[in-house]
Amino acid sequence: MGQCVREVEVPAGPSTASPPSAAAPVEVSPRHAEGPTQAPKQVWSVDLGAVVYARPTLATDGQGRTVAYVGSHSGHFVGVVVDGAQAGTVVLEHWVDGIIWSTALVDEHGRVLFGADDDHLYAIDTVSGQLAWRTRLGECEPTRAPGPEGMRCDVDGGPSLGPDGDVYVGADGLYRVGDDGEVR
């Protein structure tokens, strides 16, 4: 029922294709052939007090610095400069009442958005470091109940920016949230 089939002609017997030409040798750079000349070293570290599950989101801030935005299971969300003279410097810090599983999103207004298992989607202004808005998604009561019911509304997936500028994120369903924090 409804299967797509494509017929392919398979030649009988051994292949008659010519082997690759040996006339053009492959040139290997001595630098790459030897491998690293020094052991890697840690350049900087920031302790977030708990496990970091999501991948960091990299973005250029208003001062031209590359910043990694990431949250931890302690509810600690930070922006850390990743290179240059300020590498390892925390330039944004916010605490939420939940575990942060989601990868953050930097929107077109320079706000960083992320969800937490307290059933909220957060928007932090990256310039001021202040909470721009937070929106509760779902109607789970209480928000931190044990078991499946307490987890049903968690905003654990990373938000995605739609072509219309709205943010799409999952909780107990798929939500469309405007740049003002209102559920559409």
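Here is a short conversation about strands, burial and contacts in this predicted model.

Tutor: Residues are numbered from 1 along each chain as its sequence is written. In this predicted model, local features need pLDDT of at least 70, side-chain atom pairs count only at pLDDT 80 or more, totals for chains, interfaces and linings use all residues, and side-chain values use heavy atoms, with hydrogens and water left out.

Student: Happy with that! What makes S2 and S3 a pair?

Tutor: Two strands pair if DSSP finds at least two bridges between them. Strand S2 (residues 66–71) and strand S3 (residues 76–81) have five bridges, in the antiparallel sense, so they meet the pairing rule. Among the facing residues, Tyr69 stands opposite Gly79 and Val70 opposite Val78. In the hairpin of S2 and S3, with four residues between the strands, Gly75 takes a positive phi near 85°.

Student: And what makes S2 and S3 strands at all?

Tutor: Strands are DSSP runs of E with at least two residues, and helices are runs of H or I with at least four, both numbered from the N terminus.

Student: Why are S1 and S4 called edges?

Tutor: The open sheet has four strands in the order S1-S2-S3-S4, with antiparallel pairing. S1 and strand S4 (90–95) each have a single partner strand, so one side of each is left without a neighbour in the sheet. S4 pairs with S3 over five bridges, and Val80 stands opposite Val90 there.

Student: How do you know that S3 is largely enclosed?

Tutor: Buried means under 20% relative accessible area, exposed over 50%, and partly exposed in between (1.4 Å probe, protein chains only). Six of the six residues of S3 are buried, so the strand is largely enclosed by the rest of the structure. His76, Val78 and Val80 point one way, while Phe77, Gly79 and Val81 point the other way. That fits a general pattern: in a regular strand the side chains alternate between the two faces of the sheet.

Student: Why is Asp166 called buried?

Tutor: Asp166 has a relative accessible area of 5%, so it is buried. You will find Asp166 in the loop between strand S9 (160–161) and strand S10 (167–170).

Student: What makes the link between Asp166 and Arg184 a polar contact?

Tutor: A polar contact is a pair of N or O atoms within 3.5 Å; within protein, one must be able to donate a hydrogen and the other to accept it, and residues adjacent in sequence count only if both atoms are side-chain atoms. The side chains of Asp166 and Arg184 are joined at 3.2 Å, so the distance satisfies that cut-off.
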